[in-house]
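Dear colleague,

I am handing over the structure that we spoke about, and below it you will find an account of what was found. Please read the two side by side.

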Amino acid sequence: MIRKEILTQAEHVQNGRGIVKTYHICTKEELGKVGRLYGRVVLDPGCSIGWHQHLGETEPYYVLKGQGTFIDNDEKAYPVGPGDVCLIENGQFHSIENNSDEPLEFMALIYNL
């Protein structure tokens, strides 16, 4: 089967700012019991995904384009850009924000442990 990615948009994700655009590569149903998200995420300038925790799952981000700030479980802010991998382990908190003038684009995969 060949199809295009499926765009969803959500406002104030995890109490973040602005709109988060997610281009789903696989739907939650296609992922079955292994996970709930596999997609390309785009944050326009000024947008963010708010501080939240993952329980019983993990989520790596792989930054494709743009610049942003990743806030890790230690509540420290780290600059991120193309090629950076942000690892969120079971039980950890995190957030990410685009504080640049260009879109921030990254791959996200939420999978169950």
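**What was found**

Trp51 counts as partly exposed, because its relative accessibility is 34%. Please keep in mind throughout that this is a predicted model. Trp51 is a good place to begin, since the aromatic pairs come up again further down.

There are three aromatic pairs in the model. In one of them Trp51 and Phe93 are stacked, with 5.5 Å from centre to centre and an angle of 10° between the planes. Trp51 belongs to strand β4 (residues 48-53) and Phe93 to strand β9 (residues 93-97), so this pair ties together parts that lie 42 residues apart in sequence. Phe93 has a relative accessible area of 29% and is therefore partly exposed. Another pair is that of Tyr61 and Phe70, which is edge-to-face, with 6.1 Å between the centres and 85° between the planes. Both Tyr61 and Phe70 are buried, and ring pairs link these two residues with Phe106 into a cluster.

Strands β4 and β9 also take part in an open sheet of four strands, which has the order β4-β9-β6-β7 and antiparallel pairing. The edges of this sheet are formed by β4 and β7 (77-80), each of which has a single partner strand, so that one side of each is left without a neighbour in the sheet. From one strand to the next, the twist averages 15°. Within this sheet, strand β6 (residues 68-71) runs antiparallel to β7 and is joined to β7 by four bridges, and Phe70, already met in the ring cluster, stands opposite Tyr78 in β7.

There is also an open sheet of six strands, again with antiparallel pairing, in the order β1-β2-β3-β10-β5-β8. Here the edge positions belong to β1 (6-11) and β8 (85-88), and because each has a single partner strand, one side of each has no neighbour in the sheet. Neighbouring strands of this sheet are turned against each other by 25° on average, if direction is ignored. Strand β3 (residues 35-43) and strand β10 (residues 104-112) run antiparallel and are joined by eight bridges. Arg40 stands opposite Met107 in β10, and Arg40 also lies over the face of Tyr23, at 4.1 Å from the ring centre.

Two residues in the strands of this sheet may be worth a closer look. His24 is found in strand β2 (residues 19-26), and it counts as buried because its relative accessibility, 17%, is under the limit of 20%. The side chain of His24 makes a polar contact of 2.9 Å with the side chain of Thr8. Leaving aside residues up to four places away in sequence, His24 touches Arg3, Glu5, Ile6, Thr8, Leu37, Tyr38 and Gly39.

Thr58 has its place in strand β5 (residues 57-65), and with a relative accessible area of 9% this residue is buried as well. A polar atom of the Thr58 side chain lies 2.3 Å from the backbone oxygen of Ile88. With residues up to four places away in sequence again left out, Thr58 touches Ile88, Glu89, Asn90, Leu109, Ile110, Tyr111 and Leu113.

With best wishes

Technical notes. Residues numbered from 1 in each chain as written. Predicted model: local features only at pLDDT ≥ 70, side-chain atom pairs only at ≥ 80, totals over all residues. Heavy atoms only, no water. Buried < 20%, exposed > 50% of the residue type's maximum accessible area, 1.4 Å probe, protein only. Polar contact = N/O pair within 3.5 Å; in protein donor to acceptor, adjacent residues only side chain to side chain. Contact = heavy atoms within 4.5 Å. Pairing = 2+ DSSP bridges. Axes fitted to C-alpha atoms, helices over the stretch in contact; angles between N-to-C directions. Phe/Tyr/Trp six-rings, centres within 6.5 Å; stacked < 30°, edge-to-face > 60°. Lys NZ or Arg CZ within 6 Å of the ring centre and 35° of its normal.
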